[in-house]
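Q: Could you walk me through how to read a few features of a protein model? I would like the general idea each time, and then the case at hand.

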Amino acid sequence: MSATLLPKRTWPGAVTGVFILFALFIVVGCTSSTDSVADTTRFSGTPPTSGAATSSTTDQFAPFTNIGPDLGGPAEIFNRYPGVVIFDFDRDGDLDFYVTQAEINAPLEVARGGPNRLFRNDGNGRYTEVAGAAGVAAADHNSTAVAACDFNNDGYQDLYVGAQGRIGDNLDFGSVDDVPGLRRVIQDRLYLNNGDSTFTDITDSAFGTRANVRSTGSIACGDVDGDGWLDIYVGNRADVDFVRFDTPAHSGNFNLMYRNNGDLTFTDITIESGLLGPEIVMRDSDGFPITFPIQGGEFEIEGFDPSIVDDNGNPVGDPTSQTWATLFFDHDNDGDLDLWVANDGDRIQVYRNDTVEGRIEFRNIAHEMGVDQSGAWMGFALGDFDGDADLDIFVTNIGFNSLVRGRPSSPGGDCTYAHQFDWGTCFHYLLRNDGVREIEGVGTVGVFPDVAGSTQIEPSAALPPESLTPSNIESFWQVPTGLAAYDFGFGTVFFDIENDGDQDLYWLGAIIARGEGPGGMLFPGFGRMLQNIGGGKFRDITVESHLIDSQGVDYSKTDPSEPGFDRLAQRMGPEFHENGKGLAKGDLNGDGFVDLIGTNSSGEIFDEPGVPGGTSVVAGPLMVWINGGGDSSWLTLRLKGRMAVDGTGSNADGIGAFVTVTSEGADGRPLVQVQTVLGSSTFLSMSSLDLTFGIGSAERVDRVEIKWPSGVSQTLTDVKANQVLEVTEPAG
């Protein structure tokens, strides 16, 4: 069915329209304070190592080491969309991690499949793969995104594992009950942590007929109504068999909001909470919506074609976006969790939490905030990059990559089309938190201007982005600047690489597609590690930090001016990139320096520069990058909400707590840092809940202030550095 290029007619009443859409496309489917260190438990951290390597500048850091090949189990992944979560599943004081794979019977040309993997941390860099023994191998599950959150407040993190449609069957979620066994493959799963190193699948009892079957891209946990129980927001993409961005119709699937009932059951409140996603923005070159007729032509809907059906004749997707990342955090500092949603081929959505007296309600205010450009939005990183004691947001996008190619002549979901207009962009966002403002008729909205283009980056001498050579950018595009000039990304995190007290930034991501671009490199990306050098500026230290997302890189020479440096011979750069996807952070070895885990999807391997070798898909390597450490001091906080103690106060994980740490800075003035406990995913993945603060040469932290989700405030003073400190929420 062809698109209709007409001004859009609205649905007959907002509520009525929402229910019509949902019926058509959904399938069954109090304050206290303490100035002591009471209610805390200390864990001994490994003393910081000495002799940190020195970069080509004055800032010191030690390079990372990838121990993926040395794990006690296979370090390769067969999955198009592999996720990873870092968490202490057995509560023995160190961090374990879980990685998702594809259904074991997935087609060979796509992925060989295999069970999911749970790597138990046995200390001293040793890991044992225990997914089978723990009951979370899920070999018959087409797993994707994953999150670890304590849904019953017993002190143990449970596992929510998302799924995608079965690859190659040309069936969408509407056919889930038409094919025997299909539901088992594509339905999300909830595993209850039994507290004895095993899990139990409680999906059916927890969700009944409302378990998600819509191709999960991300999971976010957060207590949105302040009752002490973690609720779940599931961000859905589209079944991979039907993902298209070269046409105006590029629909995704409705996201779902589940309220935690406090008894290990969940209620789908997507509609009543205001979180049923809006239509896609799909405009023609004159700015008119590109719509398709629905209900016999009585209405038109933007960006969604209901005539597209799967092999069983069921409509493909829902009239809404494809979501890749979700983020719960209190962006307006009013005491409740707001929700940010990153969509591929569409807008970012920002939902303000307007919940009152237990009635959960959200309002989309992205347009009023000015952050609603269409893009290929992939992942969120949250951190205070400019050191002003509030949380800023980095959002990954396609980057400059599309701008070295031709301009699309016809409308589609590719951000390169939207980039031609003021309503779209392919560049990353760096959204600086400038507080809030009031808008008449709307209320309080966050102020988050995009400063990516003005954020200066000192480029890598060995691997500068192509976009820094203006002649590489097609003449009809504006040449990008600053952080906006950087390349493709999926998963991303802010963290302090060298524990000097500021937030550095890493991301990875790539897409390899046979027949697309030179050597199949549709969107090449090898990861970028940007070191914060103060004043809102960064330095690209990807090479020096040994964080190139490629195998077999020779780091013996990292300076192009060094005799014998040979970028290609040393396998540096996009010619050898892996298929980067998920990313998570956490201090795996307990030395006080944050480590990273990156997943790579199965895809083609580069035997020669830029030339995929062979005819079949190979596994994606698992990168377990261990931070080389250094001499700087640190403090790691592990929060325990009171719900795990006596059933009052905040959720057991402390998700949503806002923490301020004050220590003495290098210049003798107070160094103030802030972080929040996130139960949300960056692309497909979730980081450890522990909060690690680098404090430079300080030997003590002057003050730790915790604002718990319950509203209770807690203050600790004169805290010794270089320890993992477990802090229990005081009674309210």
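## Disulfides, cavities and a sheet

A: Let's start with the cysteines: a disulfide joins C415 to C426, with an S to S distance of 2.1 Å. Keep in mind as we go that this is a predicted model.

Q: What is the handedness of the disulfide of C415 and C426?
A: Look at the torsion about the S-S bond. For C415 and C426 it is about 110°, so this disulfide is right-handed.

Q: Which parts of the chain does the pair of C415 and C426 tie together?
A: Find the element that holds each cysteine. C415 lies in helix α6 (residues 415–418), while C426 is in the loop between α6 and β26 (429–431), so the link ties together parts that are eleven residues apart in sequence. C415 is buried, with a relative accessible area of 3%, and C426 also counts as buried, at 0% relative accessibility.

Q: How many disulfides are there by the distance rule?
A: The rule asks for cysteine sulfur atoms within 2.5 Å, and the count comes to two disulfides. C149 and C221 form a disulfide as well, with their sulfur atoms 2.1 Å apart. Its torsion about the S-S bond is 90°, and the link is right-handed. Here C149 lies in strand β9 (residues 143–149) and C221 in strand β13 (residues 216–222), so parts that are 72 residues apart in sequence are tied together. C149 is buried at 0% relative accessible area, and C221 is buried at 0% too. If you number the bonded cysteines in sequence order, the pairing reads 1-2, 3-4.

Q: Now to empty space. How much of it lies in the largest cavity?
A: The general idea is that rolling a probe the size of a water molecule over the atoms shows where empty space is left. In this model, about 320 Å³ of space lies in the largest cavity. Its lining is made by 25 residues, and L382, K585, T676, L678 and S687 lie nearest its centre. The elements that give two or more residues to this lining are β24 (380–383), β30 (492–495) and β44 (670–676). The largest share, four residues, comes from β24.

Q: What classes of residue make up the lining of the largest cavity?
A: Sort the lining residues by class: twelve are nonpolar, eleven polar and two charged.

Q: And how much space lies in the second largest cavity?
A: About 130 Å³ of space lies there. Of the 13 residues that line this second cavity, the closest to its centre are K585, G586, V594, D690 and T692. By class, its lining has three nonpolar, six polar and four charged residues.

Q: We met β30 in the cavity lining. In which order do the strands of its sheet come?
A: To read a sheet, follow the partners from strand to strand. This open sheet of five strands has the order β29-β35-β34-β31-β30, with mixed pairing. β29 and β30 stand at the edges, each with a single partner strand, so one side of each is left without a neighbour in the sheet. β30 pairs with strand β31 (residues 504–507) in the antiparallel sense over four bridges. As one example, the bridge partner of F494 in β31 is L505.

Q: Is A461 buried or exposed?
A: Exposed means over 50% relative accessible area. A461 has a relative accessible area of 58%, so A461 is exposed. A461 is found in the loop between β29 (457–458) and β30. A461 and D540 are 79 residues apart in sequence, and 8.7 Å apart in space from C-alpha to C-alpha.

Technical notes
Residues are numbered from 1 along each chain as its sequence is written. This is a predicted model: local features need pLDDT of at least 70, side-chain atom pairs count only at pLDDT 80 or more; totals for chains, interfaces and linings use all residues. Side-chain values use heavy atoms; hydrogens and water are left out. On a 1 Å grid over the protein atoms alone, a cavity is a set of points where a 1.4 Å probe fits but cannot get out, and a pocket is an open set with protein on both sides within 12 Å along at least five of seven lines; lining residues have an atom within 4 Å of a point. Grid points are joined across faces, edges and corners, and a volume is the space filled by probe spheres set on the points. Ala, Val, Leu, Ile, Met, Phe, Trp, Tyr, Cys and Pro count as nonpolar, Asp, Glu, Lys and Arg as charged, and the others, Gly among them, as polar. Buried means under 20% relative accessible area, exposed over 50%, partly exposed in between (1.4 Å probe, protein chains only). Two strands pair if DSSP finds at least two bridges between them.
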